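I opened this entry to log what I looked up, item by item. The notes follow the order in which I checked things.

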Amino acid sequence: MLKRRLSKEEIGERGMAIYRENLQNQLEGSLNGQYVAIDVETSEYEIADEPHLASRALRNRLADPQVFVERIGHRAVFRAL
């Protein structure tokens, strides 16, 4: 069973920092409108056309990730799962 080890706020803060510092420049432009799911503990990520598909791909690949989802090319945080 998946367990949240971090608060939604901490997942959001960490996820946004990882996105801005490590992924934003390489993903924005060609992938705008898609979703990136990021494990905030490892910085591993998956990209998909829908948020649930990106999250599912990350959860299938990693054991119990702490997932943050962002829509690529948009200014607002999407959600912390």
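**The bend in α1.** I looked at α1 in this predicted model and found a bend of about 50° at Arg20. I then checked the end-to-end span. Helix α1 covers residues 8–27, 20 residues in total. Its end C-alpha atoms are only 24 Å apart, whereas a straight helix would reach 28 Å at 1.5 Å a residue. I also looked past the end of the helix. There I noted Gly29, which follows α1 and has a positive phi near 115°.

**Confidence.** Next I asked how far to trust the coordinates. The mean pLDDT of the protein chain is 90. I noted that 89% of its residues reach 70 or more. Where is confidence lowest, and where highest? Strand β4 (residues 79–80) is lowest, with a mean of 54. Strand β2 (residues 45–48) is highest, at 98. Where pLDDT is low, the predicted coordinates should not be read in detail.

**Layout.** I counted 2 helices and 4 strands in the protein chain. Along the sequence they follow the pattern α-β-β-α-β-β. I logged 81 residues, of which 36% count as buried. For contacts with a separation of 6 or more, 48% are between residues 24 or more positions apart. The accessible surface is about 4900 Å². Carbon and sulfur atoms hold 44% of that surface.

**Buried face and core.** Which residues of α1 are buried? I listed Ile11, Gly12, Gly15, Met16, Ile18, Tyr19, Leu23 and Leu27. I then traced the largest nonpolar core, which has 12 residues. Its members include Leu6, Ile11, Tyr19, Val36, Val40, Phe68 and Ile72. Two elements, α1 and β1 (35–39), give two or more residues to this core. The largest share, 6 residues, comes from α1. I also found a second, separate core of 8 residues, with Ala54, Leu58, Val67 and Val69 among them.

**Ile72.** I checked the contacts of this core member, leaving aside neighbours within four places in sequence. Ile72 is in contact with Tyr19 and Leu27. Its other contacts include Leu31, Tyr35, Val36 and Ile47.

**Leu6.** This residue sits in the segment before α1. Is Leu6 buried or exposed? Leu6 counts as buried because its relative accessibility is 10%, under the 20% cut-off. I looked up its contacts, not counting residues up to four places away in sequence. Leu6 touches Ile11, Arg14, Val40, Glu41 and Gln66. Leu6 and Val40 are 34 residues apart along the chain, and their C-alpha atoms are separated by 9.5 Å.

**Gln66.** I followed the Leu6 contact to Gln66. Gln66 is in the loop between α2 (51–61) and β3 (67–71). With a relative accessible area of 2%, Gln66 is buried. Again not counting residues up to four places away, I found that Gln66 touches Lys3, Arg4, Arg5 and Leu6. Gln66 also touches Ile11, Ile38, Asp39, Val40 and Glu41.

**Positive phi outside glycine.** I logged Ser43 and Asp64 last. Ser43 has a phi near 70° and lies in the loop between β1 and β2. Its relative accessible area is 32%, so Ser43 is partly exposed. Asp64 has a positive phi of about 55° and is placed in the loop between α2 and β3. Asp64 is also partly exposed, with a relative accessible area of 21%.

Conventions:
Residues numbered from 1 in each chain as written. Predicted model: local features only at pLDDT ≥ 70, side-chain atom pairs only at ≥ 80, totals over all residues. Heavy atoms only, no water. Expected span 1.5 Å × (residues − 1). Bend = angle between axes of the 7 residues up to and from the residue. Buried < 20%, exposed > 50% of the residue type's maximum accessible area, 1.4 Å probe, protein only. pLDDT = per-residue confidence, 0-100. Core = buried A, V, L, I, M, F, W, Y, C linked by side-chain atoms within 4.5 Å. Contact = heavy atoms within 4.5 Å. Areas by Shrake-Rupley, 256 points an atom, 1.4 Å probe, with all protein chains shown as cover.
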